[in-house]
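Thanks for coming, everyone. I have one model to walk through today. Let me put it on the screen.

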Amino acid sequence: PLLDFQSAVEDYLQGVTHIVRGKDLMDSTRKQTLLYEKFGWAYPETLYWGRVKVHEFGGFSTSQMKSDIADGKFTGWDDPRLPTLRAMRRRGYDAGAMRKFWIDLGLTQKDISVPLSTLNSLNAKAVDAEAPRLSFVREPRTIILDISNIESNKVILPIHPEHPDKGAREWPLGEGAINVKIASEDFTTRDGRRLKDFADIEINHEKTEKGWVGDVVRTERVGNTPIIHWLPSNMAQPAVLLLEEDGELVTADGLLELNDYPDGTIVQLERMGFAILEGVDTDGVRQLLRLHG
């Protein structure tokens, strides 16, 4: 009763003309209208909205989240698994995308349920144009390639494939042999594969102390050789990617392309999706958080 009394008087003193509230507060409107009638005030125009449930979030309460944080189940209010604004800000959700999400849903008294993929799609469109591309190699393997017969001594890649005005990234290759880092999942077969924007290679059965020996077959693109992402060792820095899998936070160790982007920059890890740069730990390892699929 005191809440309805206080908010009604406060709305009048502040000159509130419109109220948007959940339909579960319809009874508050009835009580407050009686108060307004007693004082001869005009009650504000009132609109109601139903509950909006996001499938992936399920049921939750502030008190339960607070308890779970205290118990160590979550790292804090910005834990990527929580449906809080702090967590969503940390995961790189764009304010404009969230605003469009709610505007598209509209104001209705009907209870609705929506998938998080709807917001993810809007957010991807919002951040894509500004997100520079970077390579991330998960659980890297080392391949030694002889490049003595290759004319070019560098690889040039776009910062953003759809916005050439943003410039390019350059990977110097040096001369002779280079150490190439590829993901373990791309190493499982020794069939031919193509290092993106560089060359077709084949991995031999021979292994040295420095890594597996490979051959450059050709630099021009011929046929449908599977394309894999990679990094020359001189362009790689240790990195850890934090991501959510089945409600649990897991870490993926790997190598990230060298860059000088500030913390908080949203990037697109080629073939892996969007991530946000979160800083460097005391061991000099770059920390990233994956946004969403």
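**Two helix pairs and a few loops**

Start with helix α1, residues 2-13, and helix α2, residues 26-39: they pack at an angle of about 60 degrees, and their axes are 10 Å apart. Before going on, a word on the source: this is a predicted model, local features need pLDDT of at least 70, side-chain atom pairs count only at pLDDT 80 or more, and totals for chains, interfaces and linings use all residues. Residues are numbered from 1 along each chain as its sequence is written, and side-chain values use heavy atoms, with hydrogens and water left out.

Some terms. Helices (H or I, at least four residues) and strands (E, at least two) are DSSP runs, numbered from the N terminus. Axes are lines fitted to C-alpha atoms, for helices over the stretch in contact, and angles run from 0 to 180 degrees between N-to-C directions.

Back to the pair. α1 and α2 are therefore oblique to each other. On this scale, angles under 35 degrees are roughly parallel, over 145 roughly antiparallel, 65 to 115 roughly perpendicular, and the rest oblique. The crossing of α1 and α2 is right-handed; that is, the near helix is turned clockwise from the far one by less than a right angle, where anticlockwise would be left-handed. Who makes the contact? From α1 it is D4, F5, S7, A8, V9, D11 and Y12, and from α2 it is S28, K31, Q32, L35 and Y36. Contact here means heavy atoms within 4.5 Å.

Stay in α2 for one residue, T29. T29 is buried, at 11% relative accessible area. The cut-offs: buried is under 20% relative accessible area, exposed is over 50%, and partly exposed is in between, with a 1.4 Å probe and protein chains only. The T29 side chain makes a polar contact with the side chain of R21, at 2.8 Å. A polar contact is a pair of N or O atoms within 3.5 Å; within protein, one must be able to donate a hydrogen and the other to accept it, and residues adjacent in sequence count only if both atoms are side-chain atoms. Leaving aside neighbours within four places in sequence, T29 is in contact with R21, Y43, T46 and Y48.

Next, helix α5, residues 95-105. Which of its residues are buried? A97, M98 and F101. They cover an arc of only 100 degrees around the axis, which puts them on the same side of α5. That arc is taken from the directions from the helix axis to the C-beta atoms. The face turned away from the buried side of α5 carries exposed residues A95, R99 and I103.

What do the buried residues of α5 pack against? They meet α4 (85-90), β4 (112-114) and α6 (116-128).

Take α6 in that list. α5 and α6 pack at an angle of about 135 degrees, with axes 9 Å apart. That makes α5 oblique to α6. The crossing of α5 and α6 is right-handed. On the α5 side, A97, M98, K100, F101 and D104 meet T118, L119, L122, N123 and A126 in α6.

Now the ends of α5. At its start, a side-chain oxygen of D94 reaches to within 2.9 Å of the backbone nitrogen of G96. After α5 comes G106, with a positive phi near 80 degrees.

On to the loops. A131 lies between α6 and β5 (133-134). A131 is buried, at 1% relative accessible area. Not counting residues up to four places away in sequence, A131 touches H160, I266, V267, Q268 and F274.

The loop between β17 (248-257) and β18 (266-269) holds D260, and T265 is found there too. Buried or exposed? D260 is exposed, at 71% relative accessible area. T265 counts as buried, at 17% relative accessibility. A polar atom of the T265 side chain lies 2.7 Å from the backbone oxygen of P262. Beyond four places in sequence, T265 touches P132, A275, I276 and L277.

Last, backbone angles. Most residues other than glycine have a negative phi. D197 is not a glycine, yet its phi is positive, about 65 degrees. D197 sits in the loop between β11 (193-195) and β12 (199-207), partly exposed at 40%. R271 also has a positive phi, near 75 degrees. R271 is in the loop between β18 and β19 (273-280), and at 48% relative accessibility it counts as partly exposed.

Questions, please.
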